[in-house]
Amino acid sequence: MIKIGELSKLSGVSIQTIRFYEEKGLICPAMVDRWTNYRYYDENSLGRLSEIARLKELGFSLNEIKDLNEKSIQEKIVQSKETIKKLKENIHKLSSIHAENGGVKMKSFINDDAVIGKWKKVAVVKTKEDFAKNKFEKEVYFPFEELYFLPNGQQYWVLSWSKGVLYVNDRQMPYEIIDGKLFVGVVDYLTNEIDNFAVYEKVDDKIYTKNEIRIKDNTDIPFILDEEAVGFWDVVDFVEKKEQFEPQKTYWQEDMFLKRYTFEPDGTLLASYHAFEDICKCCWSKGVVIDKNISTASEYEIKEIENQKYMFVEWKSGDYTYGGMIKGYYVLKKLKYLLGQ
């Protein structure tokens, strides 16, 4: 048995909040001393506080948590799916808008049947004429080994198109088909001028969908418990290489998409993101984070640094699912307020 002050320290929940939860009927002490009116709590109380925290992260109000049932859970699932669907629609719409001189400009689409399908990179050249001379730029890097031109200029990853233009994010790279080869003018970021040309040959004229061209990991992985992983992990950094991480410094200076992972002992993984209020439910097994929604299996490694446990997780974003590139690792710090962790 523990007193309310110790419960507060172990759970990270303030004494005032615990008392408020009691008033709302969300938590009850295991025992109340009839003579002193001291409240005593046990491991069930600690577990209940963790449960309340998880449910709040999932978007449940305190009243909903108090009267939680299967119906309210299913309603929340439907609501979350609708929210995600709407956000995806907004992302697609926003990708066609550009801000210019205080106003906005929509991308216009002109079809080009000749370019639709799959293309494979065969060379990078300084000028178009250099391709016929077999004068290739061996040291120049252009990351897109394959290009897919989807119907109606549909975007996948960072790529979309209109007749004569390949959009890479907001950068416009002109293309031209010459003798059956696709020449893409690689525009320099600083000068906004064509620095060289990536040359592609056509593989087929198939009309692809985004689902067909994405990389899909094997996610049919049996669950193996890793007791060291069970618990809450908060994101503290993002690094390109694991060796770059230093506990007292922050390598990544921009906003980070991932916020928290919660590894539950039954193989359930709850992922919290800064951009969404709702929690995404995934799964995990020893050494791997599994997201069956996007067919990724990302390896993780736990290291102890300066008496603190850190987890390094491969980040498989669109760079991986469409480009086969793992750009780095999220670094997560294990929270210590759970019993047995």
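**Entry 1: β17 and its partners**

I started at isoleucine 290, which sits opposite alanine 297 of β18. This is a predicted model, so I am reading a computed fold here. I then checked how β17 and β18 (residues 296-305) are joined: they run antiparallel, with four bridges between them. The two strands make a hairpin with four residues in between, and serine 295 in that turn shows a positive phi of about 60°.

Next I looked at β16, residues 279-285. It pairs with β17 in the antiparallel sense over three bridges. Here cysteine 283 is the residue that stands opposite isoleucine 290. β16 and β17 also form a hairpin, this one with two residues between the strands, and I noted glycine 287 with a positive phi near 85°.

Are the faces of β17 buried or exposed? I found both covered: Val288 and Ile290 are buried on one side, Val289 and Asp291 on the other. For my own reminder, side chains in a regular strand alternate between the two faces of the sheet.

**Entry 2: the seven-stranded sheet**

I moved on to the open sheet and wrote down its strand order, β7-β6-β12-β11-β10-β9-β8, with antiparallel pairing. β7 and β8 are the edge strands; each has a single partner, so one side of each lacks a neighbour in the sheet. I also looked up the twist: neighbouring strands are turned by 35° against each other on average, ignoring direction.

At the β8 edge I looked at the pairing with β9, which is antiparallel and runs over four bridges. I picked out one pair there: serine 160 has tyrosine 167 in β9 as its bridge partner.

**Entry 3: the nonpolar cores**

Which residues touch the most other members of the largest nonpolar core? Of its 28 residues, I got Phe144, Leu147, Phe149, Leu159, Leu182 and Tyr200. The elements giving two or more residues to this core are β6 (117-125), β7 (146-149), β8 (159-162), β9 (165-168), β10 (171-178), β11 (181-187) and β12 (194-204). β11 gives the most, with four residues.

I followed up on leucine 182. Leaving out residues up to four places away in sequence, leucine 182 touches Val115, Trp119, Leu147, Phe149, Tyr175, Glu176, Ile177, Ala198, Val199 and Tyr200.

Last, I noted a second, separate core of 22 residues, with Tyr300, Ile302, Val313 and Trp315 among them. As a general point, nonpolar side chains tend to be buried together in soluble globular proteins.

Conventions
Residues are numbered from 1 along each chain as its sequence is written. This is a predicted model: local features need pLDDT of at least 70, side-chain atom pairs count only at pLDDT 80 or more; totals for chains, interfaces and linings use all residues. Side-chain values use heavy atoms; hydrogens and water are left out. A nonpolar core is a set of buried Ala, Val, Leu, Ile, Met, Phe, Trp, Tyr and Cys residues joined through side-chain atoms within 4.5 Å. Buried means under 20% relative accessible area, exposed over 50%, partly exposed in between (1.4 Å probe, protein chains only). Contact means heavy atoms within 4.5 Å. Two strands pair if DSSP finds at least two bridges between them. Axes are lines fitted to C-alpha atoms, for helices over the stretch in contact, and angles run from 0 to 180 degrees between N-to-C directions.
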